[in-house]
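Trainee: I would like a close look at one part of this model, the surroundings of its ligands. Please set that part in the context of the rest of the chain.

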Amino acid sequence: MIKEPMKAFAKLFARPSTKDRLESAKLLDGYYYMQYTKLYVYHIKSKLSRFKPNAQKLIFPEEEICQEIDGYVKAAVDYMSPAMAHKETSTYHGKILTLDNAKKLLSLKVDLNAPNLPESIIPYDLARDLIINGPQEICVMTCACREISETGCYPREVCLIVGEPFVSFWMEHNKLDHPRRITQAEALEIVQAAHERGSVQMAWFKDAMANRFYALCNCCSCCCTGMIAHKYTPSPAFAGTGYVAQRIEEKCLGCGKCVELCPFEAITLVDDKSVVDYDKCMGCQVCQTTCPNGAAITVLDPAKGDPLDIDYIVENLQKDTGGER
Ligand code: SF4
Ligand code: SF4
Ligand code: SF4
């Protein structure tokens with residue numbers, strides 16, 4: 001018997017028919033992604049690792065596998081991944097959030113319906129809907145990117161799924177990534193701690209999730225699969241926060257902490273002062289949060305795109321659903 005979370009997920013797609021093969025393929029892609037997240041990410045990371053110098057050794061997640069399932073999941077990844085190479089065709093990408101905007105998103109109390117976000121916020125042609133049904137429904141699960149890496153960092157419980165029908169699907173169908181329902185207050189603690197460790201808050205959008213936002217991840221530069229795509233391939237896997245880092249020179253102690261923690265390797269020390277590479281900076285604010293002397297700040301920069309700011313979106317981009325979801 002088909003379970004309710006699967007029915008609810010299938011309803012997000014046009015009814016599959018022979019005319020609508022693309023919708024059927026997306027639905028299947030989403031099904032395999034949610035049910036076998038670690039295995040799915042393993043196959044993406046295996047493809048991407050060849051681009052990264054000294055890539056981490058990967059661990060095949062044997063516990064989930066029979067050969068047939070592995071074949072289906074690999075086929076889903078093979079189907080989806082070539083499109084990621086260009087912003088015009090990408091169906092799976094991340095928008096980096098400032099800590100403040102991540103917290104606003106995780107504090108929403110009512111549904112949000114902002115389809116087709118402007119290109120200044122999500123600079124991709126596809127998968128750009130911020131539609132959140134039940135924003136207080138959140139589950140945390142183990143980070144697939146870290147779990148499949150031999151030297152994966154800790155802690156692992158940092159991957160947040162937000163809203164329905166996604167949370168119910170993961171809870172019902174995915175036992176292997178250990179999803180656990182949490183409150184918004186717990187989610188806020190997780191992002192705060194992750195940001196202070198130097199992780200980046202990432203809102204993920206995917207066509208196989210009905211073109212929507214569905215996850216708020218806390219990504220590290222050592223293990224994140226998306227980071228490999230972003231930094232080592234021509235593929236624009238992420239959009240920045242809309243901010244860029246600057247230095248208050250007289251306050252910089254030259255301690256190098258920001259050089260070590262910047263997830264995008266955008267900072268170097270020159271004559272004992274930190275210097276930001278404007279092009280590499282994604283405005284994640286890790287340097288701002290962790291600088292011991294308040295020398296690192298970030299400022300809005302229109303050339304870097306617009307922030308994903310829930311207050312602005314609710315006020316200006318929210319559409320009336322007319323009772324439809
Ligand atoms: S995207 Fe980030 S939090 Fe999510 S699984 Fe990968 S590294 Fe972990
Ligand atoms: S962490 Fe702060 S004080 Fe240290 S080098 Fe970076 S900007 Fe300068
Ligand atoms: S320079 Fe600062 S804001 Fe820019 S990417 Fe690095 S840590 Fe993030």
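Mentor: Domain bounds here come from an automatic or database domain assignment. The model is a predicted one. On that assignment, the chain is divided into domain 1, made of residues 4-239 together with 307-316, and domain 2, residues 243-304. Between the C-alpha centres of domain 1 and domain 2 the distance is 27 Å. Where the two domains touch, domain 1 contributes 10 residues and domain 2 contributes 10 residues. On the side of domain 1 that touches domain 2, 5 residues are nonpolar, 4 are polar and 1 is charged.

Now the ligands, starting with ligand 1. Around ligand 1 there are 13 residues, and the nearest are Cys143, Cys145, Cys217, Cys219 and Cys224. Two or more residues of this shell come from each of α6 (144-147), β4 (157-164), β7 (212-219) and α9. Sorted by class, the shell around ligand 1 holds 9 nonpolar, 3 polar and 1 charged residues.

Helix α9 deserves a further step, since its packing can be followed away from the ligand. Helix α9 covers residues 225-232 and helix α3 covers residues 37-49; their axes come within 9 Å and cross at roughly 25°. Angles under 35 degrees count as roughly parallel, and α3 and α9 are therefore roughly parallel to each other. The crossing of these two helices, α3 and α9, is left-handed. From α3, the contact uses Val41, Ile44, Lys45, Leu48 and Ser49, and from α9 it uses Thr225, Ile228 and Ala229. By class, this contact of α3 with α9 comprises 5 nonpolar, 2 polar and 1 charged residues.

Ligand 2 is next. Its shell has 13 residues, with Cys252, Cys255, Lys257, Cys258 and Cys291 the closest. Of the residues in the shell around ligand 2, 7 are nonpolar, 4 are polar and 2 are charged.

That leaves ligand 3. Here 14 residues surround the ligand, and Ala245, Cys262, Cys281, Cys284 and Cys287 come nearest. The shell around ligand 3 has 11 nonpolar and 3 polar residues, and no charged residues. When reading these class counts, keep in mind that Cys counts as nonpolar.

To draw the threads together: α9 gives two or more residues to the shell around ligand 1, and α9 also has Thr225, Ile228 and Ala229 in contact with α3. Cysteines are among the nearest residues of ligand 1, of ligand 2 and of ligand 3.

Technical notes. Residues numbered from 1 in each chain as written. Chains lettered and ligands numbered in written order. Predicted model: local features only at pLDDT ≥ 70, side-chain atom pairs only at ≥ 80, totals over all residues. Near = placed C-beta within 6 Å. Axes fitted to C-alpha atoms, helices over the stretch in contact; angles between N-to-C directions. Helix = DSSP H or I, 4+ residues; strand = E, 2+ residues; numbered from the N terminus. Parallel < 35°, antiparallel > 145°, perpendicular 65-115°, else oblique. Left-handed = near helix turned anticlockwise from the far one by under 90°. Contact = placed C-beta atoms within 7 Å.
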